[in-house]
Amino acid sequence: MTGRLRILGVVLGLIGAVFLVAGGVAYSQVQDGYGSLQSFSEVQDVNLTYNDEGQLIDRGTTEGADAIRQLLEEDWGYPVVESDLDPDDPLVNTATEYMYQMATVGYHVLNGTHTVELEEAVEYNGETFEAGTHEFNIDGRYWNDFDREHPIEGPAREMAWTGTVHGLFGELGVGTVTHSALQMGLALAGLFAGIGVTLVIAGGGVVWVSYGRRRTEAKEPAAA
């Protein structure tokens, strides 16, 4: 019986050691990823703007930043992590900061106004648009919300949702996903390490119990 317990304890310890090694490897890979993301952020040198009181501002006002946060949290439903928004570290290098920067770009696109110039009068769906300049308010329209055939909306869409805007959305989205994946990787490394420590302790305990059981059996008198 004691021999079986000892074998079981050793097996548990070995399995625990495997989990510890896996946790260490995962942690090492995650740290490499964080280092790469940090270097990428530093090269781009994109920073959020805070006032002297540590409040986010946009174009000099906290109202602008509040509107951006409303877009991010209410319209897009993103769960902001307040600790990611650190005025002492304004560099955009966390998931929340990447998403806030994306919302900043999106907010100004969605609330922009563009001038479309027609060289000659154009009739569309029974309405005539005279030659000259026409101011068009984007009014919260996303890329697919425009009438592409419309003589004013069509060109305004290209002015608002430029290739640069789409590129920024894609780049910032990659940053968000990368940071979130690294956080998941860190949690996984901690889980592996926790399981490993538990199994090693459990295995050691079983071995310890087996030796105690052996000494107890040795002290018991033989049956008459």
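Me: How many salt bridges does a search of the whole structure find?
Reply: The model is predicted. Side chains of opposite charge can pair when their charged atoms come close. A search of the whole structure gives a count of three.

Me: Which residue forms a salt bridge with Glu73, and how far apart are the closest N and O atoms?
Reply: Glu73 and its partner both lie in helix 2, four residues apart, about one turn of the helix. At 34% relative accessibility Glu73 is partly exposed. The partner is Arg69, with the closest N and O atoms 2.9 Å apart.

Me: Is Arg69 buried or exposed?
Reply: The limit for buried is under 20% relative accessible area. Arg69 has 18% relative accessibility, so Arg69 counts as buried.

Me: What is the distance between the closest N and O atoms of Glu82 and Arg69?
Reply: These two residues form a salt bridge, with their closest N and O atoms 2.6 Å apart. Glu82 is in the loop between helix 2 and helix 3 (95-110) and Arg69 is in helix 2, so the pair ties together parts 13 residues apart in sequence. Glu82 is partly exposed, at 47% relative accessibility. The distance asked for is 2.6 Å.

Me: Which side chain meets Arg157 in a salt bridge?
Reply: Arg157 is buried, with a relative accessible area of 8%. The partner is partly exposed, with a relative accessible area of 46%. The N to O distance is 3.9 Å, and the partner is Glu158.

Me: Which residues are joined into one network by salt bridges that share partners?
Reply: Arg69 forms a salt bridge with Glu73. Arg69 also forms one with Glu82. The network therefore follows from a shared partner, and its members are Arg69, Glu73 and Glu82.

Me: Which side chain of opposite charge is nearest to buried Glu153?
Reply: Glu153 lies in helix 4 (residues 153-160). Leaving aside neighbours within four places in sequence, its contacts include Phe136, Asp145 and Phe146. A salt bridge needs a side-chain nitrogen within 4 Å of a carboxyl oxygen. Glu153 has no salt bridge, and the nearest side chain of opposite charge, 4.2 Å away, is Arg141.

Me: What is the angle between the planes of Phe136 and Phe146?
Reply: The structure has five aromatic pairs. Phe136 and Phe146 form a tilted one, 6.3 Å centre to centre. Phe136 is in strand 4 and Phe146 in the loop between strand 4 and helix 4, so the pair ties together parts ten residues apart in sequence. The angle between the planes is 45°.

Me: What is the relative accessible area of Phe146?
Reply: Phe136, its partner in the aromatic pair, is buried with a relative accessible area of 11%. Phe146 is also buried, and its relative accessible area is 8%.

Me: Which residues form one aromatic cluster?
Reply: The cluster holds Trp and Tyr residues as well as a Phe. Its members are Trp76, Tyr142, Trp161 and Phe169.

Me: What is the phi of Asp139?
Reply: Most residues other than glycine have a negative phi. Asp139 is found in the loop between strand 4 (132-137) and helix 4, and is exposed at 57% relative accessibility. Its phi is positive, near 50°.

Me: Where is Val197, a member of the nonpolar surface patch?
Reply: The patch of about 310 Å² is made by Leu20, Val197, Val200 and Ile201. Val197 is partly exposed, at 40% relative accessibility. Its location is helix 5.

Methods:
Residues numbered from 1 in each chain as written. Predicted model: local features only at pLDDT ≥ 70, side-chain atom pairs only at ≥ 80, totals over all residues. Heavy atoms only, no water. Patch = residues over 30% accessible without salt bridge, like charges linked within 9 Å, V, L, I, M, F, W, Y side chains within 5 Å. Areas by Shrake-Rupley, 256 points an atom, 1.4 Å probe, with all protein chains shown as cover. Helix = DSSP H or I, 4+ residues; strand = E, 2+ residues; numbered from the N terminus. Buried < 20%, exposed > 50% of the residue type's maximum accessible area, 1.4 Å probe, protein only. Lys, Arg positive; Asp, Glu negative; His and termini not counted. Contact = heavy atoms within 4.5 Å. Phe/Tyr/Trp six-rings, centres within 6.5 Å; stacked < 30°, edge-to-face > 60°.
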